[in-house]
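User: Here's a model I'd like you to poke at. Pick one loop, look at it closely, then work outward to the rest of the fold and tell me how far to trust what you see.

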Amino acid sequence: SSRVLWTLAVTQLAPRMSTPGAVTKTAGAVATKKTTSRGRKVKMVQTFGRKKTAIAVANCTEGIGMIKVDGVPLELVQPEALRFKVFEPLLLIGRDKFRGIDIRVRTTGGGYTSRIYAIRQAIAKAVVGLLPEVRR
(Lines give C-alpha, C1' and ligand atoms only; values in the text may rest on other atoms or scores of the structure.)
Protein backbone atom coordinates (compact mmCIF):
# COMPACT_ATOMS: atom_id res chain seq x y z
CA SER A 1 0.00 0.00 0.00
CA SER A 2 2.83 2.44 0.77
CA ARG A 3 4.50 1.49 -2.53
CA VAL A 4 1.31 2.35 -4.40
CA LEU A 5 1.04 5.73 -2.64
CA TRP A 6 4.72 6.44 -3.32
CA THR A 7 4.23 5.64 -7.01
CA LEU A 8 1.15 7.84 -7.06
CA ALA A 9 3.01 10.72 -5.42
CA VAL A 10 5.98 10.45 -7.74
CA THR A 11 3.94 10.13 -10.93
CA GLN A 12 1.60 13.01 -10.09
CA LEU A 13 4.04 15.47 -8.51
CA ALA A 14 7.53 14.60 -9.69
CA PRO A 15 8.96 16.01 -12.87
CA ARG A 16 9.86 13.67 -15.69
CA MET A 17 13.59 13.37 -16.09
CA SER A 18 14.72 13.82 -19.68
CA THR A 19 17.94 11.85 -19.29
CA PRO A 20 17.96 8.36 -17.84
CA GLY A 21 20.47 7.64 -15.09
CA ALA A 22 21.53 5.04 -12.62
CA VAL A 23 18.82 4.69 -10.00
CA THR A 24 19.36 3.49 -6.44
CA LYS A 25 16.91 3.48 -3.54
CA THR A 26 18.18 4.47 -0.10
CA ALA A 27 16.32 5.42 3.08
CA GLY A 28 12.99 5.93 1.32
CA ALA A 29 14.68 8.09 -1.31
CA VAL A 30 15.32 7.51 -4.98
CA ALA A 31 18.87 8.63 -5.83
CA THR A 32 19.79 9.22 -9.47
CA LYS A 33 22.68 10.69 -11.39
CA LYS A 34 21.37 13.48 -13.60
CA THR A 35 23.36 15.02 -16.44
CA THR A 36 23.17 18.80 -16.72
CA SER A 37 23.25 20.81 -19.94
CA ARG A 38 26.99 21.27 -19.45
CA GLY A 39 27.52 17.51 -19.33
CA ARG A 40 28.22 17.46 -15.57
CA LYS A 41 26.84 14.60 -13.48
CA VAL A 42 24.79 15.77 -10.48
CA LYS A 43 23.44 13.56 -7.70
CA MET A 44 19.69 13.95 -7.22
CA VAL A 45 17.35 12.50 -4.59
CA GLN A 46 13.58 12.50 -4.76
CA THR A 47 11.56 11.81 -1.61
CA PHE A 48 8.06 12.32 -0.32
CA GLY A 49 6.38 13.10 2.96
CA ARG A 50 2.77 12.45 3.93
CA LYS A 51 0.42 13.61 6.64
CA LYS A 52 -3.23 12.65 6.37
CA THR A 53 -4.12 13.55 2.76
CA ALA A 54 -1.26 16.01 2.20
CA ILE A 55 1.65 14.87 0.06
CA ALA A 56 4.94 16.73 -0.39
CA VAL A 57 7.56 15.66 -2.93
CA ALA A 58 11.09 16.99 -2.44
CA ASN A 59 13.71 17.08 -5.20
CA CYS A 60 17.15 17.46 -3.67
CA THR A 61 20.23 18.14 -5.81
CA GLU A 62 23.74 19.40 -5.30
CA GLY A 63 23.66 23.18 -5.55
CA ILE A 64 24.00 26.49 -3.74
CA GLY A 65 21.80 26.02 -0.66
CA MET A 66 18.45 27.14 -2.06
CA ILE A 67 15.34 25.68 -0.42
CA LYS A 68 11.93 26.46 -1.94
CA VAL A 69 8.43 25.22 -1.18
CA ASP A 70 5.94 25.60 -4.04
CA GLY A 71 8.27 28.21 -5.58
CA VAL A 72 8.49 30.27 -2.37
CA PRO A 73 11.66 30.52 -0.22
CA LEU A 74 11.51 28.50 2.99
CA GLU A 75 11.66 31.67 5.09
CA LEU A 76 8.30 32.82 3.67
CA VAL A 77 6.27 29.63 4.17
CA GLN A 78 2.76 30.26 5.52
CA PRO A 79 1.28 29.99 8.13
CA GLU A 80 3.93 31.86 10.06
CA ALA A 81 3.06 30.14 13.34
CA LEU A 82 4.09 26.74 11.88
CA ARG A 83 7.15 27.97 9.98
CA PHE A 84 9.44 26.73 12.77
CA LYS A 85 8.26 23.16 12.09
CA VAL A 86 9.63 23.36 8.54
CA PHE A 87 12.98 24.58 9.88
CA GLU A 88 13.38 21.66 12.31
CA PRO A 89 15.39 19.40 9.94
CA LEU A 90 17.74 22.32 9.18
CA LEU A 91 18.20 23.17 12.84
CA LEU A 92 18.78 19.53 13.86
CA ILE A 93 21.36 18.81 11.19
CA GLY A 94 22.88 22.28 11.04
CA ARG A 95 22.47 25.00 8.45
CA ASP A 96 26.07 24.53 7.24
CA LYS A 97 25.25 21.05 5.85
CA PHE A 98 22.53 22.61 3.65
CA ARG A 99 24.91 25.05 1.92
CA GLY A 100 25.79 22.55 -0.82
CA ILE A 101 22.32 21.27 -1.67
CA ASP A 102 19.20 22.67 -3.34
CA ILE A 103 15.76 21.43 -2.30
CA ARG A 104 12.54 22.08 -4.18
CA VAL A 105 9.33 20.86 -2.55
CA ARG A 106 5.88 20.64 -4.13
CA THR A 107 2.75 19.93 -2.14
CA THR A 108 -0.77 18.82 -2.86
CA GLY A 109 -3.83 17.94 -0.81
CA GLY A 110 -4.58 18.44 2.85
CA GLY A 111 -4.76 21.64 4.84
CA TYR A 112 -2.10 24.08 5.99
CA THR A 113 -0.99 22.10 9.03
CA SER A 114 -0.85 18.76 7.23
CA ARG A 115 1.17 20.30 4.42
CA ILE A 116 3.71 21.73 6.86
CA TYR A 117 4.28 18.32 8.47
CA ALA A 118 4.49 16.61 5.06
CA ILE A 119 7.07 19.21 3.93
CA ARG A 120 9.12 18.65 7.08
CA GLN A 121 9.18 14.90 6.52
CA ALA A 122 10.07 15.22 2.82
CA ILE A 123 12.98 17.59 3.55
CA ALA A 124 14.35 15.33 6.29
CA LYS A 125 14.19 12.23 4.07
CA ALA A 126 15.80 14.10 1.16
CA VAL A 127 18.76 15.23 3.23
CA VAL A 128 19.33 11.74 4.63
CA GLY A 129 19.13 10.32 1.11
CA LEU A 130 21.67 12.77 -0.29
CA LEU A 131 23.97 13.01 2.76
CA PRO A 132 24.00 9.60 4.47
CA GLU A 133 26.55 10.82 7.06
CA VAL A 134 23.83 12.89 8.79
CA ARG A 135 21.75 9.81 9.60
CA ARG A 136 21.70 9.08 13.34
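Analyst: Let's start with Pro 79, which sits in the loop between strand S6 (72-73) and H2. Keep in mind that this is a predicted model, so every angle and distance here is the predictor's proposal. What is unusual about the bond from Gln 78 to Pro 79? That peptide bond is cis, and its omega is near 0 degrees. As background, most peptide bonds are trans.

Gln 78 is worth a second look for another reason. Its C-alpha lies 7.9 Å from that of Tyr 112, although 34 residues separate the two in sequence. Tyr 112 belongs to helix H3, and at 64% relative accessibility it counts as exposed. The cut-off for exposed is over 50%, so Tyr 112 clears it.

While we're on backbone geometry, two other loops deserve a stop. Asp 70, in the loop between S5 and S6, has phi near 50 degrees, which is positive in a residue that isn't glycine. Asp 70 counts as partly exposed, with a relative accessibility of 39%. Lys 52 does something of the kind in the loop between S3 and S4: its phi is near 55 degrees, again positive without being glycine. For context, most residues other than glycine have a negative phi. Is Lys 52 buried or exposed? It is exposed, at 74% relative accessible area.

Lys 52 also leads us into the sheet. The hairpin of S3 and S4 has 2 residues between its strands, and Lys 52 takes its positive phi in that hairpin. The two strands pair antiparallel over 8 bridges. Two of the facing pairs are easy to find on screen: Arg 50 stands opposite Ile 55 in S4, and Thr 47 stands opposite Ala 58 in S4.

Follow Ala 58 a step further and you reach the next strand, since its bridge partner in S7 is Val 105. S4 and S7 also run antiparallel, joined by 8 bridges. S4 therefore pairs with S3 through 8 bridges and with S7 through another 8. Is S4 enclosed or open? Of its 9 residues, 8 are buried, so S4 is largely enclosed by the rest of the structure.

Thr 47 is the polar residue I'd zoom in on. It belongs to strand S3 (residues 41-51), and at 1% relative accessibility it counts as buried. The cut-off for buried is under 20%, so Thr 47 is well inside it. What does its side chain reach? The backbone oxygen of Ala 122, at 2.9 Å.

Now the nonpolar part. In general, nonpolar side chains in soluble globular proteins tend to be buried together. Here the largest nonpolar core has 27 residues, and those touching the most other members are Leu 74, Phe 98, Ile 101, Ile 103, Val 105, Ile 123 and Val 127. The elements giving two or more residues to this core are S4 (54-62), S5 (67-69), H2 (83-93), S7 (101-108) and H3 (112-130). H3 is the top contributor, with 8 residues. So H2, which follows the loop of Pro 79, feeds into this core as well.

Phe 98 makes a good anchor for browsing that core. Leaving out residues up to four places away in sequence, it touches Gly 65, Ile 67, Pro 89, Leu 90, Ile 93, Ile 103, Ile 123 and Val 127.

Zooming out, the chain has 3 helices and 7 strands, and from the N terminus the order is α-β-β-β-β-β-β-α-β-α. Of its 136 residues, 40% are buried. Among contacts between residues at least 6 apart in sequence, 63% join residues at least 24 apart. The accessible surface comes to about 7,900 Å², with 55% of it on carbon and sulfur atoms.

As for trust: the mean pLDDT is 80, and 71% of residues reach 70 or more. What should you treat with care? Residues 4-22, where pLDDT stays under 50 and the model has 25 contacts beyond four places in sequence.

Methods:
Residues numbered from 1 in each chain as written. Heavy atoms only, no water. Core = buried A, V, L, I, M, F, W, Y, C linked by side-chain atoms within 4.5 Å. Buried < 20%, exposed > 50% of the residue type's maximum accessible area, 1.4 Å probe, protein only. Helix = DSSP H or I, 4+ residues; strand = E, 2+ residues; numbered from the N terminus. Contact = heavy atoms within 4.5 Å. Polar contact = N/O pair within 3.5 Å; in protein donor to acceptor, adjacent residues only side chain to side chain. pLDDT = per-residue confidence, 0-100. Areas by Shrake-Rupley, 256 points an atom, 1.4 Å probe, with all protein chains shown as cover. Pairing = 2+ DSSP bridges.
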